[in-house]
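Visitor: Please take a close look at the paired side chains in this model, charged pairs to begin with and aromatic rings after that. State the cut-offs as you go.

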Amino acid sequence: MIHEFLDLPQLISAIGAVRLPGSKSISNRVLLLAALAQGETEVRDLLAADDTERMLDALKMLGVGVTHLGGENWLIQGCSGQFPVKRVELFLGNAGTAFRPLAAALAMAGGDYVLKGVARMNERPIGDLVDGLRQLGADVTYLGSEGYPPLHLKPAHIKPGGVVKVRGDVSSQFLTGLLMALPLTGQTVAVDVVGELISKPYIEITLATMARFGVQVQRDGWQRFTVLAGSRYVSPGTIYVEGDASSASYFLAMGAIGGGPVRVEGVGRDSIQGDVRFAEALAKMGAEIEMGPNWMEARAPQGGLAAVDLDCNHIPDAAMTLATTALYAKGTTTLRNIASWRVKETDRIAAMATELRKLGALVEEGEDFIGVTPATLKSAAIDTYDDHRMAMCFSLAAFGTPLRINDPKCVAKTFPDYFERFAAVTRAAPVIAIDGPSASGKGTVAARVAAELGYSYLDSGALYRLTALAANQAGVDWSNEAGVAALAGELDVEFFGSDIRLNGALVGDAIRTEEMSLGASKVAALPAVREALLFRQRAFNRVPGLIGDGRDMGSVVFPHAVLKVFLTASAEARAERRYKQLIEKGFSANLADLLSDLKQRDERDSQRSVAPLRQEADAKLLDTTHLTIEQAVNQVLVWSREALQ
């Protein structure tokens with residue numbers, strides 16, 4: 001089965017500006033409070049993503065008036081704390097910022113509601129929130145495992161003059177949900193936080209947003225929060241959602257790693273989001289940071305980034321970005337007080353450690369910390385665990401190595417067009433793709449152009465020949481698609497100039513025989529083999545650049561190559577060249593047989609269903625029938641320098 005993935009080449013630099021999508025945390029808080037408020041609220045610059053779609057869908061099912069005004073702007077008709085629909089089942093996907101505050105509000109709303117989510121949501125603890133709600137008189141039943149969703153909420157019997165105790169060391173979303181629901185009780189209620197409160201900046205967002213809707217929360221430090229009887233939400237009329245400070249972290253890190261400057265617009269010094277302090281963490285690593293009221297900008301330091309040992313309680317989500325930024329810092333970066341990572345979309349400490357190790361980094365992990373020591377990065381396929389932040393954080397690893405991001409569409413949770421924005425401010429190592437039929441001279445031309453430009457060289461045909469040879473050595477028939485694909489995925493191949501090694505043994509001559517040429521053509525026609533070798537080929541796309549030759553370099557392997565060349569020659573000229581090569585190497589050869597074989601191979605390669613041999617529409621044609629190698633090389637160099645300007 002072929003899964004969704006995105007292959008990233010090694011990146012050279014980052015520079016530019018990005019307008020951020022709206023904050024997820026602010027967006028869903030604003031939507032819920034607008035629904036609970038008296039009057040209608042125009043919400044501008046709302047985040048367009050999975051989490052907000054789940055909240056909007058839920059509000060509609062609860063009978064709230066929701067009107068799309070175009071773009072990222074919505075009109076919410078408040079229900080003054082009384083949802084019109086009193087009995088409904090809601091599906092909230094994996095949106096914790098929707099599930100938890102809605103659970104609290106609906107527990108106080110006097111209806112009969114069932115809240116469900118995806119399988120991962122059922123693994124995310126919610127017991128501390130439910131315990132707090134029950135202290136208020138809520139009627140909440142677990143429909144699955146004790147302490148976890150899904151939930152069944154029935155009308156509450158509110159206890160007057162209550163004091164609710166809630167743990168502060170699991171998730172700030174529990175305290176947020178309770179605080180936002182308290183005005184619905186009609187009572188004066190105090191919430192006491194037991195233990196240290198983590199993710200304090202997210203509580204600041206909650207308090208600031210509640211204040212915008214007319215509810216002032218009295219507080220005693222971070223230990224007691226009180227909402228007075230008679231408090232009610234009133235629409236502010238129009239409210240703007242700030243750009244997402246957590247999303248800003250990826251682009252600021254790009255500037256710090258890739259040279260910069262990279263500027264993010266929509267969030268800055270005046271933000272109510274704690275994650276803007278990610279910029280301070282980058283500055284501690286040596287990055288050059290500038291900031292305005294609604295923008296931030298980062299550049300790389302001249303001496304390179306330095307490791308930090310940091311308490312990340314104040315930036316729990318953005319701290320994930322520091323874990324991959326650490327791949328480019330001198331020394332061991334240790335991120336502490338991040339226990340909340342373990343109850344997010346996935347267990348982020350475990351997931352981050354697993355994927356960083358794939359890249360070659362040395363990682364130490366504990367219950368509430370992670371330590372990252374950089375090493376020479378190696379290409380890997382990164383699993384994302386249906387977690388948007390895993391996908392976005394690991395895109396930064398492309399500054400050190402080509403890599404594959406599995407399930408890249410998971411970024412839709414908060415930043416659907418992240419990878420398009422990513423590509424707009426980064427510059428990748430360029431690729432020049434040279435395709436053509438067998439014996440057209442593409443390998444010789446490509447190798448000489450690579451040497452002239454100082455680029456890496458990929459002989460893709462050699463990979464297929466190596467696969468055919470490995471199958472022969474393992475006794476696997478070339479028609480055995482699954483067997484050959486399994487070998488292709490595990491090939492131990494090394495290229496050193498003109499030397500090619502398979503499992504440590506020199507095989508340059510062994511793969512150039514006519515038998516292996518036939519084998520390469522046969523295994524290359526197998527879809528599973530081509531899939532297995534696709535990432536292996538793309539992993540050659542390293543700084544400063546790559547020259548790749550083959551039959552599908554420009555069509556399949558590197559469709560975005562800066563230059564595509566289709567190099568060909570008449571069958572007769574190619575047969576004569578192949579004849580001379582074999583004779584010079586001491587092999588016996590028959591010119592007529594070679595010509596016949598070439599014509600048959602051309603027919604087979606051009607007719608195959610997978611990546612047939614053809615000239616791409618944007619490729620330059622170079623017929624070398626009457627050209628010397630030097631003339632062909634010079635022409636490709638001229639085109640290359642034009643394309644690289």
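Guide: Glu204 counts as partly exposed, with a relative accessibility of 33% (buried means under 20% relative accessible area, exposed over 50%, partly exposed in between; 1.4 Å probe, protein chains only). The model is predicted: local features need pLDDT of at least 70 and side-chain atom pairs pLDDT 80 or more, while totals for chains, interfaces and linings use all residues. Residues are numbered from 1 along each chain as its sequence is written, and side-chain values use heavy atoms, with hydrogens and water left out.

Glu204 has a salt-bridge partner in Arg219, and the closest N and O atoms of this pair are 3.6 Å apart (a salt bridge is a side-chain nitrogen of Lys or Arg within 4 Å of a carboxyl oxygen of Asp or Glu). Glu204 sits in helix H6 (residues 200-212) and Arg219 in strand E12 (residues 218-220), so the salt bridge ties together parts that are 15 residues apart in sequence (helices, H or I, of at least four residues and strands, E, of at least two are DSSP runs, numbered from the N terminus). Arg219, with a relative accessible area of 37%, is also partly exposed.

A second salt bridge joins Asp192 and Lys165, at 3.7 Å from N to O. This pair links distant parts of the chain: Lys165 belongs to strand E10 (residues 163-167) and Asp192 to strand E11 (residues 189-194), 27 residues apart. Asp192 has a relative accessible area of 13% and is therefore buried. Lys165, in contrast, counts as partly exposed because its relative accessibility is 48%.

In a third salt bridge, the side chains of Arg614 and Glu616 meet at 2.9 Å from N to O. Here Glu616 is buried, at a relative accessible area of 17%, and Arg614 is partly exposed, at a relative accessibility of 43%.

For the whole structure, the search finds 42 salt bridges. Some of the charged residues are connected in a network: salt bridges link Lys24, Asp51, Asp317, Lys344, Glu345, Arg348, Asp387, Arg389 and Lys413.

Now the rings. The structure contains 7 aromatic pairs (rings of Phe, Tyr and Trp, the last by its six-membered ring, with centres within 6.5 Å; planes under 30 degrees apart are stacked, over 60 edge-to-face, the rest tilted). One of these pairs, Phe251 and Phe415, is tilted, with 6.0 Å from centre to centre and 50° between the planes. Phe251 is in helix H7 (residues 245-258), whereas Phe415 is in the loop between strand E25 (403-406) and helix H12 (418-425), so this contact ties together parts that are 164 residues apart in sequence. Phe251 is buried, with a relative accessible area of 0%, and Phe415 is buried at 0% relative accessibility.

The rings of Phe419 and Phe422 also pair: their centres are 6.1 Å apart and their planes stand at 75°, so the geometry is edge-to-face. In sequence, Phe419 and Phe422 are 3 residues apart within helix H12, a separation of about one helical turn. Both Phe419 and Phe422 are buried.

These two contacts belong to one group of residues. Phe251, Phe415, Phe419 and Phe422 are members of a cluster linked by ring pairs, and that cluster also includes Tyr250 and Tyr418.
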